[in-house]
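Please have a look at the sequence and the model below. The paragraphs after them walk you through the fold, part by part.

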Amino acid sequence: MSPHENTVPLAPATERIQQRRTYLMCRPEHFTVSYSINPWMEPANPTDTDKAVRQWQALYDAYIGLGHDVQLIDPIEGLPDMVYTANGGFLIDGVAYGAKFRFDERVPEGPAFMEWFAANGFQVADPAEVNEGEGDFLLVGDVILAGTGFRSTGDSHREIGEVFGKEVVSLTLVDPRFYHLDTAIAVLDPVEGPGGVERANIAYLPGAFDAHSQAVLAERFPDAIHVSDADGAVFGLNSSSDGRNVIISPRATGFERQLRERGYHPIAVDLSELLLGGGGIKCCTLELRR
Ligand code: ARG
């Protein structure tokens, strides 16, 4: 016990509990920026594939070091965005709702991921509606937060609700830099704890949403962390939490402090090269829920 503990509580009373996860990742062996489908992508700027692989490897190693199970899907030449596995689908209880990409460049990824899910024992729900998987759908407790505005359609929100029989909360993104929900919201406690769903909490960037969505978020998540525009703009929210450890961008220094204040354990992993494609830590991570 530190001598200051009586007067300066450094850690909150809440004990954060790590949950073991299974993730799907894709080594960015064919990573490049050859087209532009979001404001971050500039094909004229050079990319360094080896650097992307090294940075990706650090994320992979961090997950393994924390005791998580990481599975891999083979990268396909000509599909440089496949590294962003979060977009490959959305999985709960052994059921995989497949992705149907908005832009032609990524359309072939949909069937490639569905094939992997089927070959690995998931029951696949083939989507009729345009949706980009866990990029736009986030499980918080027993509710699915669903993003729209840039990629996934409102119809896909209805469809995913039918597939999983869960409540779906639609949220509208309005800032083109934050075109997927996982760039504007980080789920900190995705699974219900012994105390029930009230333990499920999030961090988000209010300005990434329209006024109605901001009101919905404020009402549902009164204890949420609001991150600064500066931290949002470096993809600070595109992070991955296991309930205790939160892997975040080293540039999101304010968010790091907010997490520590709440008793989480932030771990910095730099994916600067993958940010050239408009993706970060969460984008490179798809949760496989059996
Ligand atoms: N270049 C990819 C795209 O624009 C990046 C995807 C990022 N993924 C994410 N889950 N936010 O589709």
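We begin with how the model is read, then take up two sheets, the core, the ligand shell and two backbone angles.

This is a predicted model, in which local features need pLDDT of at least 70, side-chain atom pairs count only at pLDDT 80 or more, and totals for chains, interfaces and linings use all residues. Residues are numbered from 1 along each chain as its sequence is written.

Let us start with a sheet. Helices (H or I, at least four residues) and strands (E, at least two) are DSSP runs, numbered from the N terminus, and two strands pair if DSSP finds at least two bridges between them. Three strands in the order β3-β4-β5 make an open sheet with mixed pairing. At its edges are β3 and β5 (123–125), each of which pairs on one side only. Ignoring direction, neighbouring strands here are turned by 25° against each other on average; axes are lines fitted to C-alpha atoms, for helices over the stretch in contact, and angles run from 0 to 180 degrees between N-to-C directions.

Where does the mixed pairing come from? β3 and β4 run antiparallel and are joined by four bridges, while β4 and β5 run parallel with three bridges. Tyr97 is a good residue to find on screen: Phe90 has Tyr97 as its bridge partner in β4, and Tyr97 has Ala125 as its bridge partner in β5.

Now follow the side chains of β3. Gly89 and Leu91 point one way, Phe90 and Ile92 point the other way, and all are buried (20 or more other C-beta atoms within 10 Å of a residue's own; exposed means 12 or fewer, partly exposed in between, with C-beta atoms placed from the backbone). In a regular strand, side chains alternate between the two faces of the sheet.

Two helices accompany this sheet. Helix α2 (residues 109–119) packs on the sheet and touches β3, β4 and β5, with its direction at about 170° to that of β4. Helix α3 (residues 154–164) lies across β3, β4 and β5 and runs at about 165° to β4. Contact here means C-beta atoms, placed from the backbone, within 7 Å.

A further open sheet has three strands in the order β2-β1-β15, again with mixed pairing. Because β2 (69–72) and β15 (286–287) each have a single partner strand, one side of each is left without a neighbour in the sheet. Strand β1 (residues 22–25) runs parallel to β2 through four bridges, and Thr22 has Asp69 as its bridge partner.

Next comes the interior. The largest nonpolar core (buried Ala, Val, Leu, Ile, Met, Phe, Trp, Tyr and Cys residues joined through C-beta atoms within 7 Å) has 76 residues, and Leu59, Ala184 and Leu237 are among those with the most contacts inside it. Helix α1 (residues 49–65) gives the largest share of this core, five residues. Leaving out residues up to four places away in sequence, Leu237 touches several others, including Ala184, Ile185 and Ala203.

What surrounds the ligand? The shell has 16 residues, with Ala86, Gly135, His180, Gly279 and Cys283 the closest; a residue is near if its C-beta atom, placed from the backbone, lies within 6 Å.

Finally, two residues other than glycine have a positive phi. Asp93, with phi near 50°, sits in the hairpin of β3 and β4, which has two residues between the strands. Asp93 is exposed, with 9 other C-beta atoms within 10 Å. Phe235, with phi near 65°, lies in the loop between α5 (229–233) and β12 (240–241). Phe235 counts as buried, because 28 C-beta neighbours lie inside 10 Å.

Terms used:
Contact = placed C-beta atoms within 7 Å.
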